[in-house]
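Student: I'd like to learn how to read a model like this one. Can we go through it feature by feature?

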Amino acid sequence: MNALMIKALAFAAVLIIATIAVVTSLDIDIFADSVNAITMGGAIAVATITASVAVKYVNQMKTDTAAGPLAEDNWDGIGEYENELPSGWAYSFLAVFLWSMWYGLIGYPVNAYSQIGEYNEDVLAYNAKFEAIHKNADEATLKEMGESIFLVQCQQCHGVTGDGLSGKAQDFTARMSKEQVLDVIKNGQNQLGYPMGAMPAGMAQGADAEAIAEYVAGGMKGEQPAAFAACGSCHGMDGKGNNGMSPNLVSYDAALMNHVVQNGKKGMIGKMPSFKTLITPVQEKALTVYIQSLSN
């Protein structure tokens with residue numbers, strides 16, 4: 001064993017000892033978790049292999065001379081030998097590839113601790129605490145809470161006042177415009193997942209469609225057009241959605257808000273995503289109270 005090898009092995013030993021010292025100072029039980037043990041074993045193996053390979057090739061460089069056929073191409077007289085890839089490199093690459101596949105598909109501890117899992121648990125615990133505190137909140141509190149949620153989550157598309165930014169998104173100061181009603185009559189609707197199912201296209205045409213649209217957009221006040229009977233079978237003759245079986249055409253009731261929050265909805269700006277995992281039931285209730293206040 002020459003001096004160089006002794007120095008390399010000493011360096012590897014220092015790396016291993018330093019790694020163990022750092023892990024020990026962090027109060028981590030290496031052998032209590034398989035991932036920690038594998039990681040520590042890998043660190044020791046890397047230090048040992050690095051030192052051994054470095055010594056081997058440094059010694060080899062002292063005695064070896066270049067040999068083998070040269071490639072045809074050269075750069076300013078500098079050529080390249082057509083030597084095959086060292087087998088150690090190829091086996092190392094294959095071993096790393098196989099290990100990465102095993103770790104990514106099988107070995108990764110999906111059921112063990114993770115920062116994402118800890119965060120999700122904290123969020124669920126906080127939401128449960130929040131729900132318990134505000135489960136009996138009065139209307140004033142809900143409205144104030146709903147306004148905060150609206151300004152954070154909704155006003156970017158619906159505008160600070162909820163007017164829908166000149167028709168680009170739903171205008172909460174009214175239930176539906178005449179143009180919206182005509183569009184639904186013409187194209188049907190199947191976005192919100194109501195028990196009644198999809199509304200087919202072409203339920204009314206021409207003057208009948210115009211009369212229905214004006215009646216609904218006007219808040220269903222005045223004389224009800226005869227053609228509205230086609231709508232009343234699902235929405236109810238009062239237009240309030242048959243107790244949640246279909247969309248309420250008169251107001252933003254809790255059922256309508258729930259279906260929109262759960263399913264999202266496509267508008268002119270784009271598709272509003274589902275918020276079902278982003279707000280709690282109390283927050284949804286608060287948002288409903290606030291949006292109802294915008295149209296009053």
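Tutor: Sure, we'll take confidence, then salt bridges, then surface patches, then backbone angles.

Student: What does the protein chain average in pLDDT, and where is confidence lowest and highest?

Tutor: Start with confidence, since this is a predicted model. The protein chain averages a pLDDT of 88, and 99% of the residues score at least 70. Going by elements, confidence is lowest in helix α1 (residues 3-25), with a mean of 78, and highest in helix α11 (residues 281-294), at 95.

Student: Next, salt bridges. How many does a search of the whole structure find?

Tutor: The general idea is that side chains of opposite charge can pair when their charged atoms come close. Here, a search of the whole structure turns up two salt bridges. In one of them, the side chains of E210 and K178 meet, at 2.7 Å from N to O. E210 sits in helix α8 (residues 206-217) and K178 in helix α7 (residues 178-187), so this pair ties together parts that are 32 residues apart in sequence.

Student: And which residue does K178 form a salt bridge with besides that?

Tutor: That's E214: its closest N and O atoms with K178 are 3.1 Å apart. K178 lies in helix α7 and E214 in helix α8, so here the parts tied together are 36 residues apart in sequence. Because the salt bridges share partners, K178, E210 and E214 are joined into one network.

Student: Are those three side chains buried or exposed?

Tutor: Buried means under 20% relative accessible area and exposed means over 50%, so whatever falls in between is partly exposed. K178 is partly exposed at 25% relative accessibility. E210, at 32%, counts as partly exposed, and E214 does too, at 48%.

Student: On to surface patches. Which residues gather in a patch of negative charge?

Tutor: For a charged patch, look for like charges that gather on the surface. In this model, E72, D73, E80 and E82 make up a patch of negative charge there. Take E80 as a sample: E80 is in strand β2 (residues 78-81), and its relative accessibility of 47% makes E80 partly exposed.

Student: What about the nonpolar patch on the surface: which helix gives the most to it?

Tutor: Helix α3 (residues 87-107) does, with nine residues. L98 is one residue that lies in helix α3. The patch is formed by I38, F93, L94, F97, L98, W99, M101, W102, L105 and I106, and together they have about 1100 Å² of accessible area.

Student: For contrast, is L256 buried or exposed?

Tutor: L256 is buried, with a relative accessible area of 4%, and its place is helix α10 (residues 254-263). Try a distance as well: L256 and L94 are 162 residues apart in sequence and 57 Å apart in space, C-alpha to C-alpha.

Student: Last topic, backbone angles. Which residue has a positive phi although it is not a glycine?

Tutor: When you scan phi, check the sign and then the residue type. L165 has a positive phi of about 55 degrees and is not a glycine. L165 belongs to helix α6 (residues 164-167) and is partly exposed, with 32% relative accessibility. M220 is another residue other than glycine with a positive phi, near 55 degrees.

Student: Where is M220 found, and is M220 buried or exposed?

Tutor: Look in the loop between α8 and α9 (229-235). M220 is buried there, at a relative accessible area of 12%.

Note on methods. Residues are numbered from 1 along each chain as its sequence is written. This is a predicted model: local features need pLDDT of at least 70, side-chain atom pairs count only at pLDDT 80 or more; totals for chains, interfaces and linings use all residues. Side-chain values use heavy atoms; hydrogens and water are left out. pLDDT is the predictor's confidence in each residue, from 0 to 100. Helices (H or I, at least four residues) and strands (E, at least two) are DSSP runs, numbered from the N terminus. Patches are made of residues with over 30% relative accessible area and no salt bridge: like charges are joined within 9 Å, nonpolar side chains (Val, Leu, Ile, Met, Phe, Trp, Tyr) within 5 Å. Accessible areas come from the Shrake-Rupley method with a 1.4 Å probe; for residues, only the protein chains shown count as cover. A salt bridge is a side-chain nitrogen of Lys or Arg within 4 Å of a carboxyl oxygen of Asp or Glu. Lys and Arg count as positive and Asp and Glu as negative; His and the chain ends are not counted. The place of a charge is taken as NZ of Lys, CZ of Arg, CG of Asp or CD of Glu. Buried means under 20% relative accessible area, exposed over 50%, partly exposed in between (1.4 Å probe, protein chains only).
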